[in-house]
Amino acid sequence: MGRAKGECCVTLVPATIDATETLLADQGYVASRALATVVFLSLKLGRPLFLEGEAGVGKTEIAKTLAHALGRRLIRLQCYEGLDAASAVAEWNFAAQMVAIRAAETSGNATSRADLFTEDFLIERPLLAAMRPQPGGAPVLLIDEIDRTDEPFEAFLLEALSEAQVTIPELGTIRAPEPPIVILTSNRTREVHDALKRRCLYHWVDYPAFGRELQILQARAPEAQEALSREIVAFVQRLRREDLFKRPGVAETIDWAKCLLALDVISLSPEVIADTLGAILKYQDDIQKIQGSEAKRLLETVRAELTSA
Ligand SMILES: Nc1ncnc2c1ncn2[C@@H]1O[C@H](COP(=O)(O)OP(=O)(O)O)[C@@H](O)[C@H]1O
Ligand SMILES: [Mg+2]
């Protein structure tokens, strides 16, 4: 493990790709080699990491895992339609300002503008919080689901990230003494602008292949027997090849395993699948498509694949 630039001895970032993989694996996060590589590079070069992929493939989780593994504070900016700079950086506490004005009036004093627009009356939002020094070292700033915001917000963000600073009109510019570790995620409901992507290291988080998804399931639902885990993963992998409105993510695989365990299921059957399909498919059209004889047929092909493997 090597030391990140400008840090004291408390927080260490991994020195190699292998060390990055181990760091994540120790927290139960099973990363592909390619993902471990971009995470390593992002830490080493201090570049924001842009993760794009379908819902439930482990994008948000990587930021949480990294913060935990490095002992950093996790600061999350959940994006939504209409999110503006003020709600992302800081807002003035008007109620407290009013109280201060009234209190001054009662004691016969006047309040000036300078008295009211100070840090005491500022409500810190994620982007400002991420610029502040933290005890364990620079925080991990998760900018989650950036595809939900609009282009003006992206442009604003680009500036904040490239300068590692935010500006509050009444107060001035606040610069991070050490830039945060930035992870952006997108579910790709729209394309994010090139300019923002260019600032970042990019990685497409794909559905894991059978072996890695099995490892993930073993890490997240260790109480499941190996034979059942294999059936679950093989069935979900098979489902992803079907023509569905929304394919199940890894999150659904784990949820489904937990449901089956709660029902004391030891092996899949068409009936069990039909009863628990709501854990993996979230659209009625998809459920209808897979229920009944289709579930039976898929299970048969899955069993055949598992025995021939
Ligand atoms: N590679 C992985 N290793 C361990 N757990 C994973 C992995 N990928 C996904 N998960 C699990 O799936 C869940 C959903 O992942 P999440 O990060 O919320 O997906 P996304 O942000 O891509 O929609 C997580 O809580 C985690 O338990
Ligand atoms: Mg997410």
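**Exercise 1. Work out where ligand 1 sits relative to the two domains of this predicted model.**

*Solution.* Start with the shell: domain 1 (2–90 + 123–204) and domain 2 (210–308) both give residues to the shell around ligand 1, so the ligand lies between them. Next, look at who is closest. The shell has 19 residues, and Gly58, Lys59, Thr60, Glu61 and Ala251 come nearest to ligand 1. Then move up to the elements: two or more shell residues come from each of α3 (59–70), α10 (210–220) and α12 (250–262). Finally, sort the shell by class, which gives 10 nonpolar, six polar and three charged residues.

**Exercise 2. Describe how domain 1 and domain 2 are placed and how they touch.**

*Solution.* Begin with the bounds: the chain is divided into domain 1 (2–90 + 123–204) and domain 2 (210–308). The C-alpha centres of domain 1 and domain 2 lie 33 Å apart. Now go to the contact, counting residue pairs whose C-beta atoms lie within 7 Å. Domain 1 brings eight residues to the contact, and domain 2 brings 10 residues. On the side of domain 1 that touches domain 2, you will find three nonpolar, four polar and one charged residues.

**Exercise 3. Which residues does the "domain: AAA+ ATPase" annotation cover, and what is the make-up of that span?**

*Solution.* First, the record: an unreviewed UniProt entry places the annotation "domain: AAA+ ATPase" on residues 45–220. Second, turn to the model itself. Residues 45–220 are 40% helix and 22% strand. As a last step, check the ends of residues 45–220: their C-alpha atoms lie 31 Å apart.

Methods. Residues are numbered from 1 along each chain as its sequence is written. Chains are lettered from A and ligands numbered from 1 in the order in which they are written. This is a predicted model: local features need pLDDT of at least 70, side-chain atom pairs count only at pLDDT 80 or more; totals for chains, interfaces and linings use all residues. A residue is near a molecule or strand if its C-beta atom, placed from the backbone, lies within 6 Å of it. Helices (H or I, at least four residues) and strands (E, at least two) are DSSP runs, numbered from the N terminus. Ala, Val, Leu, Ile, Met, Phe, Trp, Tyr, Cys and Pro count as nonpolar, Asp, Glu, Lys and Arg as charged, and the others, Gly among them, as polar. Domain bounds come from an automatic or database domain assignment. Two residues are in contact if their C-beta atoms, placed from the backbone, lie within 7 Å. UniProt positions are given in the numbering used here, feature names are shortened, and annotations may be inferred rather than shown by experiment.
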